[in-house]
Amino acid sequence: MRHVSVEPPPFFHRGLSPLARLAFFGVLSLVLLFADTRFRYLEGIRAVATIVLSPLHRAVQIPGETLAWIGGYFASKQALSDANAAMKQDLLARAPAAQGYGQLLDENAKLKGLVGISSRYPGAATAVEALYTGRDPFTQKLFVNRGSDAGIKAGEAVIDEIGVVGQVTRVFPNMAEVTLITDKDHAVPVRVERSGVRSVFFGAGAGRPPELRFMAPSADIRVGDKLFTSGMDGTYPAGLAVAQVEAVDRDTGQMFARITCKPLSGVDRSQFLLVLGQSAAQPPRPEEPADPDSVKKGGRGKGRRGG
Amino acid sequence: MRVLSKPAAFTPAAPEEILRPVNPWVIALTFLLGFLANIAPASGVVLALKPDFLALVILYWCIQEPRYVGVGVAWMLGLVMDVGDATLFGQHALAYAVLAYSAEYFRRRVLRFPLWQQAPQVAVLLMICAVLVLLVRVVGGAPLPRWTYAVPPIVGALLWPLVSVLLQWSQRPARSSAQL
């Protein structure tokens with residue numbers, strides 16, 4: 001024994017034995033895990049606890065921010081003027097598209113008015129900065145520096161300057177959690193730019209390429225095709241760049257082709273992001289048929305999400 | 001009798017050396033520091049290497065001061081870590097409870113070894129925790145992580161001697177009393 005304070009001898013037992021305590025807390029943990037994964041009962045408690053812990057989260061960011069600030073202060077004039085020149089070049093390269101954009105919008109509105117399509121709600125956007133990546137190695141998450149204080153709501157799409165990054169899944173007062181499109185089973189409805197084929201883009205988790213699932217081997221998809229959001233789910237507005245097809249494996253023995261993709265946006269690198277406000281309300285889903293027999297015959301397996 | 005000629009703070013305590021009883025506030029402070037180290041932002045290589053500092057601190061106090069820190073305290077700290085990390089509720093709690101129990105089980109054995117020989121045993125304990133979390137998450141539907149998942153427990157074990165020496169600092173006898 002190394003201590004001045006002596007432990008009680010084993011025959012003066014106080015409380016439960018360690019094994020009994022382990023069993024008690026182990027079972028409690030499993031109950032919590034079950035409640036959290038299956039039912040999401042604990043989101044309220046988690047939100048309160050996160051608010052309580054947020055000063056600590058802020059505090060640990062101060063050293064890094066200070067270092068970055070000091071580094072920025074001593075940035076060389078050469079580097080700054082280089083960056084400035086590059087940005088001007090970029091601006092110039094985009095100028096033709098930007099100048100034509102207003103005219104295009106006008107034309108588009110007129111045409112849509114003629115055909116009778118309701119126009120796409122432009123929506124508000126909030127610029128945010130990535131704070132840190134999630135530490136959970138099983139999920140692909142990102143935390144950004146604005147939350148409900150900036151009107152961000154769960155379910156809103158997050159993009160960077162190239163394409164879709166993910167979707168806001170939890171909102172705290174001054175922070176929001178973004179689930180990246182590479183998270184396992186995270187689904188984005190997409191459209192192939194070249195052929196117009198619709199599909200759903202599924203993330204596969206860290207280190208695995210995302211894929212388009214349930215596509216027939218005959219589907220018109222080629223390596224190099226660009227995928228854009230189709231806007232079918234009402235979460236992601238239509239026309240945002242998502243990914244590029246990297247490999248198409250059409251094994252005739254399989255029911256579906258195996259199509260892997262590479263996200264276009266800097267999913268795990270981008271520092272500055274844009275949270276797109278919820279677009280116009282989708283029309284309500286049609287009523288499910290009341291007759292149970294017709295549901296059994298026609299509606300089997302519909303309306304269910306995998307994962 | 002051994003005479004301490006070096007400054008007490010940065011050398012490990014010899015097995016026969018008597019440590020002073022710890023102040024519970026020191027334990028609480030080290031838990032806070034461990035938690036802060038865990039939630040400090042990191043990305044890339046640092047994130048892949050970063051060990052669970054709070055687990056190391058819990059393990060140390062479970063081995064040194066089982067009267068203050070046991071399964072219950074470890075479990076509650078695990079819940080705090082679950083909120084801090086935005087992981088599933090109960091995931092860290094379960095891992096830390098098992099860690100505290102195994103520390104209580106092995107403490108008499110672990111204390112007989114010098115610090116650098118304790119490290120492999122700590123690696124095994126941390127690895128058990130990591131495998132437990134892996135099981136819980138994979139059963140819950142998460143994908144298998146990359147092989148780098150096994151790196152933080154090993155880094156944690158390598159840091160164990162350093163962490164132990166730092167945490168012992170408050171308990172080291174003052175030099176005058178050691179030289180009596």
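Biologist: What percentage of the 307 residues in chain A is buried?
Modeller: This is a predicted model, in which local features need pLDDT of at least 70 and side-chain atom pairs count only at pLDDT 80 or more, while totals for chains, interfaces and linings use all residues. Residues are numbered from 1 along each chain as its sequence is written, with chains lettered from A and ligands numbered from 1 in the order in which they are written. A residue is buried if 20 or more other C-beta atoms, placed from the backbone, lie within 10 Å of its own, exposed if 12 or fewer do, and partly exposed in between. On that criterion, the buried share of chain A is 26%.

Biologist: Which helix supplies the largest share of the side of chain B that touches chain A?
Modeller: The contact (C-beta atoms, placed from the backbone, within 7 Å) takes 43 residues from chain A and 40 residues from chain B. Helices here are DSSP runs of H or I with at least four residues, numbered from the N terminus, and helix 1 (24–39), helix 4 (71–85), helix 5 (91–110) and helix 6 (115–139) of chain B each give at least two residues to the side touching chain A. The largest share, 7 residues, comes from helix 5 of chain B.

Biologist: How are helix 1 of chain A and helix 4 of chain B oriented to each other?
Modeller: Helix 1 (residues 18–39) of chain A packs on helix 4 of chain B with axes 9 Å apart and at an angle of about 25°, the axes being lines fitted to C-alpha atoms over the stretch in contact, with angles from 0 to 180 degrees between N-to-C directions. Their contact is made by A:P18, A:R21, A:L22 and A:F25 on one side and B:V71, B:G72 and B:W75 on the other. Since angles under 35 degrees count as such, these two helices are therefore roughly parallel.

Biologist: Which helix gives the largest share of the largest nonpolar core?
Modeller: This core, a set of buried Ala, Val, Leu, Ile, Met, Phe, Trp, Tyr and Cys residues joined through C-beta atoms within 7 Å, has 51 residues, and B:I58, B:L59, B:A74, B:Y96, B:A97, B:L99 and B:A100 have the most contacts inside it. Helix 1 of chain A gives two or more residues to this core, as do helices 1, 3 (53–64), 4, 5, 6 and 7 (151–168) of chain B. The largest share, 11 residues, comes from helix 3 of chain B.

Biologist: Which residues does B:L59 touch, not counting those up to four places away in sequence?
Modeller: B:L59 is among the residues with the most contacts inside the largest core. With sequence neighbours up to four places away left out, B:L59 touches B:L99, B:A103, B:V122 and B:L125.

Notes: Contact = placed C-beta atoms within 7 Å. Parallel < 35°, antiparallel > 145°, perpendicular 65-115°, else oblique.
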